[in-house]
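Work through the following exercises with the sequence and the three-dimensional structure side by side, and attempt each task before reading its solution.

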Amino acid sequence: MAGLHKSEFKNPVINWVDTRLPLFTMMSKEYGVFPTPKNFNYFWNFGALAMVNLAIMIATGVFLAMNYTPNTLMAFDSVERIMRDVNYGWLLRYVHANGASMFFIVVYIHMFRGLYYGSYKFPRELLWMIGVVILLIMMATAFMGYVLPWGQMSYWGATVITNLFSAIPLVGNSIVTWLWGGFSVDNATLNRFFSLHYLMPFVLTGVIFLHIVALHITGSNNPLGIDVKSEQDTLPFHPYYTIKDSVGMCVYLMVFACLVFFAPNLLGHADNYIPANPLSTPAEIVPEWYFLPFYAILRSVPNKLGGVLLMFGAIAVLFVLPWLDTSPVRSAKFRPLYRPFIAVLVVAVVVLGQVGAHPPEGIWVVLGRVATVYYFFHFLVLLPLLGKLERPLPLPESISRPVITRGGGGGPLPSGAAAKPMEKS
Amino acid sequence: MSATAHTQTAIPPHGPDASKRDFLKLVTGAGAVIGVGALAWPLIDSMNPSKDVLALSSVDVDVTPIPEGQAITVVWRGKPIFVRHRTAAEIKAAVDVPENQLIDPATDASRVKAGHSQWLVVIGICTHLGCVPLGNKPTDPRGDWGGWFCPCHGSQYDTSGRVRHGPAPANLAVPPYNFASDTKVTIG
């Protein structure tokens, strides 16, 4: 393998570098001419958006950390100082806090895309599993970040979430003490959360790199869920999808900007502007919105260990999803039975989100239990059965020639392209 | 465009639309650069002094307790400020030096406020590499010119805070200040 790379770049400087370290060749191969299915819809923007979001989070986070003090006596005040005294500190903090929400919006849509179009199926099982790892790291990072301002919700959120581990039989309490570094959430806890909150995004970056490497081995799925058969089915990534991603990014940035500039505290809780008080729990502890469905599952089970297990199970089930779904057809477009059920799953998750935001009384308990049951029923019972019961619609023979010509196959084809027989280019 | 023409260049670079396309590319590129610049500025500016730091930019000093011949150190913007009550002999020594003997020529009058020439106010940071010179305490060495002596690399300053012996290249800086009254100095 030793030996210089034969670079095709004309520019002498780029050529010199590329000969010794073929980064330019790699970027051109993976993001320039990379053959990409030509029928992507806007759901395929969200991976790129998540990358942009991570970059924004790291950039704002690094500068916030320059002004933040991870000490129980000073953390809250240092955040208020960022809001009032640091140049553009308010902007950095609001972008970072709302950036977390945007990140979960983007990633949840990205995951829905995967569920709807069967992106987790052969040969992309590992790609999907790495994605679930990314979700877990994101959740841990977001949780620890929320603790840092050391408001009431920070403190009590940290207390409640770390106490989940006390449900583990025998060693639970020892583990919680270890997590805290003491006998309650205190300075040691805040310090380690800050350290880990700063570390995790870089771990995340590494895992995302693996996610992308795996993606570029298998190639992207597409709205039809069928394999790329020939070069006619693809477009070079640049300029086609760089431009399409840019369009989506503009919309994403507009939504982001609206949140930051017009409703920066919409998704937060007023209680977190009260400094942490270890002697007084707020009347209602609610996690950030992106954790609400999982929180609702936790509360739906009238048993401590059971609730914790089911909550973690809600994510664990995603790990084995590629083997739970027995249907060989990827895209829900061709799965008449799966399609309504995926809609029901979305409704169930939204309901769980609402349940999580309300006190566990009356109708909310019932709704929470029904939705929880459906969530697990969907993955553990329906998906294995559907593959056997369902009769999929006929699949198009290729991306360039969908059998469904009306109602959206691969989008409108240029006249002549479909009529002409395929030719090797 | 047929589905086959997508290998390297989908659009001929110098077709009839070349100038329009170039224009669109330039506008898009410029928009992206301006956008990224606008996003980067808040990050960069957040590293500038914050409002609470700027708010500490002036201090009041009561000079009544400083006996003749002695000096105190006060902190202004995190820096030591020397406020020295000079004796008549020290003032005379500072005034009498011919300017051509100075490394960084400056009259004594230009370094004090008129009518308050017994008070010398200078930033106590050696102009060589930023150490704090000795000479405020009675036990400190004051160097051959009776001002300050920097322990780091041996620079010496006279009773007007002017450098008399290297390696420092310049006189001790005079901060912006004024006398709010005969006994109160406002620095900053």
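The exercises below treat chain A first and then turn to chain B.

The model is predicted, so local features need pLDDT of at least 70 and side-chain atom pairs count only at pLDDT 80 or more, while totals for chains, interfaces and linings use all residues. Residues are numbered from 1 along each chain as its sequence is written, and chains are lettered from A and ligands numbered from 1 in the order in which they are written.

**Exercise 1.** Describe the secondary structure and the overall dimensions of chain A.

Solution. Begin with the DSSP runs (H or I of at least four residues for helices, E of at least two for strands, numbered from the N terminus): chain A has 15 helices and two strands. Its radius of gyration, taken over C-alpha atoms, is 24 Å, close to the 22 Å that the globule rule (2.2 Å times the number of residues to the power 0.38) gives for 425 residues, so chain A is as compact as a globular protein of that length. Finally, the C-alpha trace spans about 75 × 60 × 45 Å along its principal axes.

**Exercise 2.** Which helix supplies the largest share of the largest nonpolar core, and which residues touch the most other members?

Solution. A nonpolar core is a set of buried Ala, Val, Leu, Ile, Met, Phe, Trp, Tyr and Cys residues joined through C-beta atoms within 7 Å, where buried means that 20 or more other C-beta atoms, placed from the backbone, lie within 10 Å of the residue's own. The largest such core has 51 residues, and those touching the most other members are Ala50(A), Phe103(A), Val106(A), Val147(A), Leu148(A) and Trp150(A). Several helices each supply at least two residues, including H3 (46–65), H5 (89–116) and H9 (187–218) of chain A; the largest share, eleven residues, comes from H5(A). Apart from this core lies another, of 21 residues, among them Ile81(B) and Leu120(B).

**Exercise 3.** Work out how the strands S5, S6 and S7 of chain B are arranged.

Solution. They form an open sheet in the order S5-S6-S7 with antiparallel pairing, two strands being paired if DSSP finds at least two bridges between them. S5 (146–149) and S7 (163–165) of chain B stand at the edges, each with a single partner strand, so one side of each is left without a neighbour in the sheet. Between S5(B) and S6(B), residues 156–158, there are three bridges, and Trp148(B) has Tyr157(B) in S6(B) as its bridge partner.

Conventions
Buried ≥ 20, exposed ≤ 12 C-beta atoms within 10 Å, placed from the backbone.
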